[in-house]
Every structure is written in C-alpha cells, then in structure tokens.
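User: Hey, can you walk me through this model? I'd like to go over the ring pairs, the packing and the pockets.

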Amino acid sequence: MLPILDRELVEKRKWVTEEELMDYYAIGQSTPGIIAINTATFVGFKKAGIPGAIAATLGMISPSLVIIILIALFLGNFAEAPLMQKALKGVNIAVSVLLISSVWKFSQKTLKDIMGVLLCLAAFIAVGFGGISPIPVVALSAGAGILRFLIGKNKR
C-alpha cells in the first residue's frame, strides 16, 4: 500500500511531499490502526479538514470491506483447494517484495548517517528477532532522535 500511496499522493497528485508522507507514515505506524488508513486520514485532513479525513478514511476502507465480505462468503469453499493455496503463497511473496521495496526507498531518504543506520538496525533486531512490541521501540527511537538533536544543538 505504501508504494501506491507514494506514487499517487507524492508523485502523481502532489498532495503531500515525501517528507510529509514519511511523517504521516511514522505517526500512522506508532498509533493504533492500519498504517495506510491512518496515513490517508492525515492526508485527507490536510487537504480538506475533518470532511477530508472522513472521506479519505471511507475511501480507504470501503473497497477492502467489500472484498473481505466477498472473500468471507466464498473462501470456505476454496480455502483448501490446492490452486487457492498456491495463489495465496504467490500473494505473500508479492507483498513481501512490496514491503522490501518500500523499506529500501524510505531508508535511502531517511538514513543519512551511521547513527541512523545503527538505530534502524537496533530497532529491526528488537522487533524482528527480540519479540519486542514496536510501540516502545518507536518511542525509544523518537527519544534517541530528540536527544541527538539536543546534543547536536548544544555543540553548535
């Protein structure tokens, strides 16, 4: 979803900058809810206030809601079918590639020095291998960023 948001909102429609989208994404990731919906809500709010936020949220959830209802109606009949199992495995691979692509694209824009790279790796290890919830990792990373800013500000 994130590559689609980037292409549609930043590149094609120019409703937000890449920096704004990354900020919305970071906030959306650290708050409850689906990241893409949270991000769309922020963008809708920026463009048209509360009505824009409501329209953007409904625009994001409506297609998925319809698709989920249709799948739920028919999945019981097809879930165990070998062809469906193969198709779902293919979808999983495609989603993994899209996520890796998004991570790579955003890392090129946000990881500007060795401290950023180390913080990114520590967060990845903590969440991916340490079983730590992303919420405290995001909070600690934000604290580290603020601390680094304050230390850098005092050195100038």
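User: How many aromatic pairs does the structure hold?

Analyst: Three, going by this predicted model. One of them is Tyr24 with Phe42, which is stacked, at 5.4 Å centre to centre and 15° between the planes.

User: Where do Tyr24 and Phe42 sit in the chain?

Analyst: Tyr24 is in helix 2 and Phe42 is in helix 3, 18 residues apart, so the pair links distant parts of the chain.

User: And is Tyr24 buried or exposed?

Analyst: Tyr24 counts as buried because its relative accessible area is 14%, and the cut-off for buried is under 20%. Phe42 comes out at 29%, so that ring is partly exposed.

User: What about the pair with Tyr25?

Analyst: Tyr25 pairs with Phe106, again stacked, with 5.9 Å centre to centre and 20° between the planes. That one links helix 2, where Tyr25 is, to helix 4, where Phe106 is, and the two residues are 81 apart.

User: Which of those rings is buried, and why?

Analyst: Phe106 is, because its relative accessible area is 11%. Tyr25 has 24%, so Tyr25 is partly exposed.

User: OK, switching to packing. Which residues have the most contacts inside the largest nonpolar core?

Analyst: Leu5, Leu9, Val16, Leu21, Val43 and Met60, in a core of 15 residues. Helix 1, helix 2 and helix 3 each put in at least two residues, and helix 3 gives the most, with six.

User: Why would nonpolar side chains group like that in general?

Analyst: It's a general tendency: in soluble globular proteins, nonpolar side chains tend to be buried together.

User: What does Leu21 touch?

Analyst: Setting aside residues up to four places away in sequence, Leu21 touches Leu5, Asp6, Leu9, Val10, Val16 and Thr39.

User: Thr39 caught my eye. Is Thr39 buried or exposed?

Analyst: Buried, because Thr39 has 0% relative accessibility. Thr39 is found in helix 3 and, leaving aside neighbours within four places in sequence, is in contact with Leu5, Leu21, Tyr24 and Tyr25. Tyr24 and Tyr25 are the residues that stack with Phe42 and Phe106.

User: Any backbone oddities? What's phi like at Lys14?

Analyst: Phi of Lys14 is near 55°, a positive value in a residue other than glycine. Lys14 is in the loop between helix 1 and helix 2, and Lys14 counts as exposed because its relative accessible area is 62%.

User: Now pockets. How much space lies in the largest pocket?

Analyst: About 2000 Å³. Its lining has 41 residues, with Tyr25, Ala26, Gln29, Thr110 and Cys120 nearest the centre. Helices 1, 2, 3, 4, 5 and 6 are the elements that give two or more residues to that lining.

User: Which helix gives the largest share of that lining?

Analyst: Helix 4, with nine residues.

User: How does that lining divide by residue class?

Analyst: 27 nonpolar, eight polar and six charged.

User: And the second largest pocket, what's the space there?

Analyst: About 290 Å³. Its lining includes Met1, Ile34, Met60, Pro63, Ser64 and Ile71. By class, that lining has eleven nonpolar residues, one polar and no charged ones.

User: Didn't Met60 come up already? Where was that?

Analyst: In the largest nonpolar core, where Met60 is among the residues with the most contacts. Met60 also lines the second largest pocket.

How values were computed
Residues numbered from 1 in each chain as written. Predicted model: local features only at pLDDT ≥ 70, side-chain atom pairs only at ≥ 80, totals over all residues. Heavy atoms only, no water. 1 Å grid on protein atoms, 1.4 Å probe; cavity = no way out; pocket = protein on both sides within 12 Å on 5 of 7 lines; lining within 4 Å. Points joined across faces, edges and corners; volume = space filled by probe spheres on them. Helix = DSSP H or I, 4+ residues; strand = E, 2+ residues; numbered from the N terminus. Nonpolar A, V, L, I, M, F, W, Y, C, P; charged D, E, K, R; others polar. Core = buried A, V, L, I, M, F, W, Y, C linked by side-chain atoms within 4.5 Å. Buried < 20%, exposed > 50% of the residue type's maximum accessible area, 1.4 Å probe, protein only. Contact = heavy atoms within 4.5 Å. Phe/Tyr/Trp six-rings, centres within 6.5 Å; stacked < 30°, edge-to-face > 60°.
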